[in-house]
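Got your viewer open and a hand on the mouse? Let's take a walk through this one together, one selection at a time.

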Amino acid sequence: MKLLRRFPLVAFATVLLGIAAFCVAYQSVGLLLVAGVLAALSWQVTEGPRGRSLPQWAANVLLVAVVLNVIVDMAQNPADLLGALGRLCLWLTLIKLYQRKTPRDHAQLLGLSVIMILLGAVHSGDLLFAVVCILYAIAGIQAVVLFRLYAAHEATRRARAESSPEGGRLTASLEPVFGRHLHGQFRALVGVIGAGGIVVATLVFLVFPREYGLDPVTGIGAGRRTGFADEINLTGASRITSSRVLVMIARGYPGPGKSGQPLRLRGAVLDRYEGGGRWRVQPSNVRWFGRTDPPGFTLLSDGSGEIEGTADLDFEVLVPQPTIFSVYAPVALSTADARDFIYDPRSQTIEYADTDRLRHYTVRIAPEPTDADLKRLVRGREPSEPVMAWTPPERVHELARQWLAEGGVPAVPPDDPLERWSWNLAAAQALARPFHAGQFEYDTDLRDLTLPAPDRDPIVQFLFETRRGHCEFFASALAALCDSVGIPARLVTGYVTLEFDPGDETYLVRESNAHAWVEVRTGPYRWRAVDPTPPGMLRALHTPPLSGTARFRAWLARLEASWRNEFIAFDRRAQQRVLGAFDPRLEERIPRAVESVAAWMRRVNRSFYFGPAGYIWMGIVATALVIAIIAVARSLRRGARLRSALHLAHLHGLEYQRMLRQLGFYMDMLGVLERHGLPKPAWQPPLAYARRMAGERPGPAKIVGELTELYYEARYGRRPLDRESQQRARALLEELARALGGRVA
Amino acid sequence: MTVRYRYHLHVPGLVYVGLAMLVGLAAMNRQNNLLFAVLGVMVAGLLLSGIVSGVMLRRLRVTRLLSQHGVVGRPLVVRYLVTNRGRLLPAFDVHVEERPVEGPGAWGRLMDAAPAWVMHVGPGETVHGEAMFWPRRRGEARFGAIRVWTTFPFGLIRKSATFDQPQHTLICPRLYALQRRVLDAVGPHGLAGVKVSPRPPDPSGGDDYWGMRDYRPGDGMRQIAWKRSACMDTLVVLERTTPAPPRLRVILNLAGPRPERAGPDHGGDDADLEERAICLAASIIHEADHRGIEIGLTMLGAPLPPLPIRHSHWHREKLMAALAAIDLGAPRAAPRRPTGTERAGQIVVHPDRVQPELGRPDAWHFSARQIDSITDGPLGWAQPVEPVDPPAAEPAA
């Protein structure tokens, strides 16, 4: 009995976890607080000492209000249909929690919580959501199993009361009947069921067909979100992401040390300003298509000589990206499997060109390359000059000259080429100094910023009006100022991180570490990074918090990354790998079988020109086939039973087929009689059985006699029954079933 | 015992399968691994639901323990021995119900039923489940197969096992609380023997010496002849004469309807009145047996020989069984006045108008129409007992 009394509490906990999971999936802390508090209070209100519940009329009013609210919500935000549906379920759950609860209501509550979990699963892939889901599953198994017992007890009690002539007043209360060790065996059985469920669910999860290249964030191939972008639009981005999702883990680079120099990973070089705040990668016709050759390194240089003083930087990619990141200057590339890539010697950036997901790669870098090294790395090409497709206003020139003067750098570049490279760097650093000096405000949230008019450039607006922006504004402004005084400068986007784990000697790269800075040409092939973002702000943004929980949070982040990498992004390749671990043959056979079925379906669909509807047709045909197979199996089974019951084993050929077709009615008759407690012994001939029936049950015996005559006619009459006789047999059979108060199976 | 196992289509299961297919489609469409995981859990739930309930039922055996008779209006508790022959797996949520039986005497025609439910049977254990039946009509109730089913653990697949166990029981007529004055009134006029006592006579007997016999378990200490026992080296007891208990013959007139009726407001058709007459006769027998009166039964019009006057539990059961088994649809014989000079009181119960010629001149006659006035209502019902007038029996003489 204690077990049954536990059910409402377990069900309540399950529903609470369902609510929490939905709120976590939608990352709505406010909703979690409100709904969680209301749900928690409902236990005290309905199950507390006073045991009050919401009257039905009040529940109806609330229901109408909730439905109206959801309709308005859906009208305002039609893209978030599933979210609105989930919120409807959530409010319905809260209303029901405050009502009196019968087993039916408990079932509805559990059903609503399942729907909320499903909608959450569609929306989110967060580790926290998964953790809540696991807790929900643990509580849910117990709740559902207990619900069976609870509902059965209530139903039996109600049935007993209803069967009583006095409406249960005379009936003793129903005490559950149970044996010894109830609680222990219940727990053990639930444990076994849970373990079995995990095994079966894992198998289904592993073998279900997948596609290639799932994104660990969304689970879908498209729509990557990493913080990094290979283009910039200053009029579009209003808010820089502050997501702490891990994107990469880098090993092999020395820690920032006391100097606090960050790890600066170059991703894309934007050397074309199109005006209007838009930066792009300049199209290049000197790109080199390469393929790695594991386990060795594939050189990015022309291979004309050795580059010394290199270091290997190992990357573990947690979120797939189309770019291979590297510290300046990349020398060689290595991957675990042979992969295609594109190397742009002018910008010294590497683009990933394969379809399969890249999980690990190693880049050999030259931190201090000589000019000769750089010449090899650019494969003899001249670096492309940045293109500024705009005419900077005069006041930009004036501002640049003013800042150069303030920095003690001559405004006119020297004529000597060597001095010119030095001047470039000094001038760029002088131009960056006012940005560092606090004259400009660094802000990642610019949603309140008014967009410039179409004829105004966002850089000009930033420099002279708003003086507020994030790294892209700072970098763009510095590049524009450099350009105005003739310094070749280009924008670089990538990641900057200071989050170094000395234990593992790894750098953690997160979405929020995405950054943009400027590279200034300081030699024939050399570029130097100049970052206009205030260093203090850079450290504040990209340094991990130094609280006591930082290590735990780092561990949690890795866990989240592993979760996304191994579970959310579990694609066909990972599936093959896992299956191959069990049996190497499975690695090839299952995908091949799935692929061959899919190819066959595509081929059939193409040959009939059905289009997308062809798959629906194939589904219908497959269903019809399954039904046909079941029908054939039933027919064969019936034939076997006929052969056994009517001793037809010695017959063959057409005669046997005729018997199978025509004697079915007699076997149906025997079935009807057997179901009503009148089985025919196997040894008894049909005629003797009919006579015995006449003595025992005169009513149905007459019908049995007629059917027996028809049976003898068909069986030994040496001619088939005509249509009328067959119809007569069918009618008699139904009459017999009616007379006995049953039906023909 | 024949056992048939079967899986049943179940609406919640079908809904669940539909939902699982939807989740599968959504997972395929979105390639969402969380949805794949949910689908895996749903498939696992479906498989486990079928396997666990199937394995559970395969090892269950159910035996019906049926009492020999029930009484209309009183709950008939049918017990089931549920045995789990498995060595590891316990059985949970076991429903036990009777399968419908066709033909005359089917239990469904005689009573309403509430199925039994057993929450748990451990491996190797046997528990008793009990189902409550409420008999509505008297007669022989036939039971056929017992069906055991469960939807444990998730309620998705219903599995059943049917055990053939034909049995039958008798449903006795409804008993009424006969007013004490009825038999008190009858006693002084015609019951032979000693004074009618509400208790059975003292088994130790009267005062006169009859003989000696060996001791039998149950004999009182005072009955033991200690000296004689010491001489014989074995326990012997004194037997004394026993006073003859009062004797009563109940005559039930079921000779068929009479042409003249008692009146327009007779309150029921012939069959109904005859049923009430049977109930009245049963109530008289019940009360008389309770008072220690030896009873006999004669049914006029029914092909049943007169049952002798006896007093024992089994004799009472025999009389009740005879009343329970009366088939009012069977052809009737002509009423014939009982002959013989039996030394016993006589009560004649008529369905309708009293026919004095069917009893001895000193017999008491009751009509089924009087049942409300000479009884305090049905036994076993929680109805308030209202004060009633003295019995309105109609002495023939």
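What follows is a list of stops, each with something to select and a note on what is there.

Before you start clicking, keep in mind that this is a predicted model.

**Stop 1: a helix and its neighbours**

Select residues 29-47 of chain A, which make up helix α2(A). Its 19 residues reach 27 Å from the first C-alpha to the last, close to the 27 Å expected at 1.5 Å a residue. Now colour L31(A), A35(A), A39(A), S42(A) and T46(A): these are the buried residues of α2(A). If you wonder about the spacing, an α-helix has 3.6 residues a turn, so residues three or four places apart point the same way. Which helices do the buried residues of α2(A) pack against? Show α1 (2-25) and α4 (81-97) of chain A, and you have them.

**Stop 2: a nonpolar patch**

Move on to helix α3(A), residues 56-76, where you'll find L63(A). Add V64(A), V67(A), L68(A) and I71(A) to your selection; together with L63(A) they form a nonpolar patch on the surface, with about 410 Å² of accessible area. L63(A) itself has 33% relative accessibility, so it counts as partly exposed.

**Stop 3: a buried pair**

Next, pick D80(A) and R87(A). They form a salt bridge, with the closest N and O atoms 3.2 Å apart. Are these two buried or exposed? Both D80(A) and R87(A) are buried. There are plenty of other pairs to hunt for, since a search of the whole structure finds 40 salt bridges over all chains.

**Stop 4: a four-stranded sheet**

Still in chain A, bring up strands β1, β5, β4 and β14. In that order they form an open sheet with mixed pairing. Its edges are β1(A) at 232-233 and β14(A) at 387-388, each of which pairs on one side only. Zoom in on β1(A) and β5(A), residues 278-280: they pair in the antiparallel sense over two bridges. For a landmark, label N233(A), which stands opposite R278(A) in β5(A).

While you're here, select E231(A), R272(A), E274(A) and R280(A). What links these four? They are joined in a network of salt bridges.

**Stop 5: a strand with two partners**

Select strand β12(A), residues 349-352. On one hand, two bridges join β12(A) to β9(A), residues 323-324, and the two run antiparallel. On the other, four bridges join β12(A) to β11(A), residues 340-344, again antiparallel. Click on E351(A): T323(A) stands opposite this residue, and E351(A) is also the bridge partner of I342(A). The strands β11(A) and β12(A) form a hairpin with four residues between them. In the turn, look for Q348(A), which has a positive phi of about 55°.

**Stop 6: far along chain A**

Jump to helix α21(A), residues 698-716. At 1.5 Å a residue its 19 residues should span 27 Å, and its end C-alpha atoms are 26 Å apart, which agrees. Among its buried residues are I703(A), V704(A), L707(A), L710(A) and Y711(A). Show α18 (653-662), α19 (664-675), α20 (686-696) and α22 (723-739) of chain A to see what the buried residues of α21(A) pack against. Just after the helix, R718(A) takes a positive phi of about 60°.

**Stop 7: over to chain B**

Hide chain A and look at chain B, with its eight helices and 20 strands. Of its 397 residues, 51% count as buried.

Start with strand β7(B), residues 116-121. Six of its six residues are buried, so β7(B) is largely enclosed by the rest of the structure. Strand β5(B), residues 91-98, pairs with β7(B) in the antiparallel sense over five bridges. Label V94(B) and V118(B) to see two residues that stand opposite each other.

**Stop 8: two links in chain B**

Select R138(B) and E275(B), whose side chains meet in a salt bridge (3.0 Å, N to O). R138(B) lies in the loop between β8(B) and β9(B) and E275(B) in helix α6(B), so the pair ties together parts that are 137 residues apart in sequence. R138(B) counts as buried at 10% relative accessibility, while E275(B) is partly exposed at 27%.

Last pick: E294(B) and R247(B), a salt bridge with its closest N and O atoms 3.4 Å apart. The pair links strand β15(B), home of E294(B), with strand β14(B), home of R247(B), 47 residues apart. E294(B) is buried, with a relative accessible area of 16%, and R247(B) counts as partly exposed at 24%.

Note on methods: Residues numbered from 1 in each chain as written. Chains lettered and ligands numbered in written order. Predicted model: local features only at pLDDT ≥ 70, side-chain atom pairs only at ≥ 80, totals over all residues. Heavy atoms only, no water. Pairing = 2+ DSSP bridges. Expected span 1.5 Å × (residues − 1). Buried < 20%, exposed > 50% of the residue type's maximum accessible area, 1.4 Å probe, protein only. Contact = heavy atoms within 4.5 Å. Patch = residues over 30% accessible without salt bridge, like charges linked within 9 Å, V, L, I, M, F, W, Y side chains within 5 Å. Areas by Shrake-Rupley, 256 points an atom, 1.4 Å probe, with all protein chains shown as cover.
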